[in-house]
Amino acid sequence: MGNAARRGGVVVSCPSTVPGGRRDAGDKSVSLFHRGKFKKVADTKVAWGMGTLGEEKDTNGEVLWVWCYPSTTATLRNLLLRKCCLTDESKLLHPFVFGQYRRTWFYITTIEVPDSSVLIKVTHFSIVLTAKDFNPEKYAAFTRILCRMYLKHGSPVKMMESYIAVLTKGICQSEENGSFLSKDFDARKAYLAGSIKDIVSQFGMETVILHTALMLKKRIVVYHPKIEAVQEFTRTLPALVWHRQDWTILHSYVHLNADELEALQMCPGYIAGFVDLEVSNRSDLYDVFVNLADSEITIAPLAKEAMTMGKLHKEIGQLIVQSAEDPEKSDSQVIQDISLKTREIFTNLEPFSEVSGDGKKLVLNFEALKQRRFPPATENFLYHLAAAEQMLKI
């Protein structure tokens, strides 16, 4: 995990275990959680900069938070418990989920404990890795290895050894549990893992609404009752504006929680995924609302002026659809086609740009843009694009 892992942490579940592998259910270094109720907290600290937290469900149905390296805030702890399906009343098991909170990514793998495991009184457990980079495939692969180790040994010691090996050498090897090589997981592969073609297949020409919203750095909220569908869809959207290669705008798993929403609304533009349909009534959270379950895209009233569609958008939409429907083209080729069109749009904006008074950046000459006499919708789009790129004169 390289430098990103040094800045991040690892959250691991263990059955009432203190460092060194000694089991002691009454030890005060153990955090215990019942379903929906926080019972007791005391964090274990170590000298090196990594984090370990733990969540598990025992045979009584209680969810226990049992290991933490180093101490974490109550806010982050509560957030991770919300994301962990062990506390979900619906009892649905989500094998892997990921998301972002205040620039920290979390990756959670949850498994059911088989009868053959040494974890006799544990029915399920979650392992969470936190990091500063977006790479679900990388962290899913690593957490699966850690899960297998925990199932076999029932102790976090072996897991921590593997974590340190990856932290320092970028690799951990085990004949029984599999090998992990950090450099096998390039960031660009993570960016290209979703399918633009699937999005276009579902929304057709309306995909241009998503493209326009992303170009203008608007707020997009996506709803579907299944978190897996939300995450697969939302992770793909930033590829529509490939020239930025910015996945920090992605918040793929958000709850209607005051702290989470406050953090989200601090972002100027974002893609946020929800599984609660109540979010459709929160028009303060979005400029564009995507009901993925019903294949519907809605533009919020206050965003309609900036999102006015015209001839240019029709051209972009047709290009996206034609490229995506070409069976000979891969998703990466479709992304390349869209990127070339995006570059063309910025090229059209260049003649109306000039160096700012301080000589540090290009700014839009709005009078020059108006004199060009573009169709109103095109002029409006170019103006708002310049605003999104911080090219307006202050």
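Which helix holds both Glu-344 and Lys-341, and how many residues apart are they? The close-ups below get to that pair in View 3.

This is a predicted model, where local features need pLDDT of at least 70 and side-chain atom pairs count only at pLDDT 80 or more, while totals for chains, interfaces and linings use all residues. Residues are numbered from 1 along each chain as its sequence is written, and side-chain values use heavy atoms, with hydrogens and water left out.

**View 1. Asp-133 pairs up with Lys-138 in a salt bridge.** Here a salt bridge means a side-chain nitrogen of Lys or Arg within 4 Å of a carboxyl oxygen of Asp or Glu. For this pair, N to O comes out at 3.1 Å. Both partners are buried (under 20% relative accessible area; exposed is over 50%, partly exposed in between, with a 1.4 Å probe and protein chains only).

**View 2. Arg-282 and Asp-284 make another salt bridge.** Their closest N and O atoms sit 2.9 Å apart. Asp-284 is partly exposed, at 36% relative accessibility, and Arg-282 is partly exposed too, at 26%.

**View 3. Lys-341 and Glu-344 are bridged within helix α11.** Both belong to this helix, residues 331-349, and lie three residues apart, about one turn. (Helices are DSSP runs of H or I, at least four residues, numbered from the N terminus.) The closest N and O atoms are 3.0 Å apart. Lys-341 is buried, with 11% relative accessible area, whereas Glu-344 is partly exposed at 39%.

**View 4. Arg-82, Lys-83 and Glu-260 form one network.** Salt bridges with shared partners join these residues. Across the whole structure, a search turns up eleven salt bridges.

How values were computed. Helix = DSSP H or I, 4+ residues; strand = E, 2+ residues; numbered from the N terminus.
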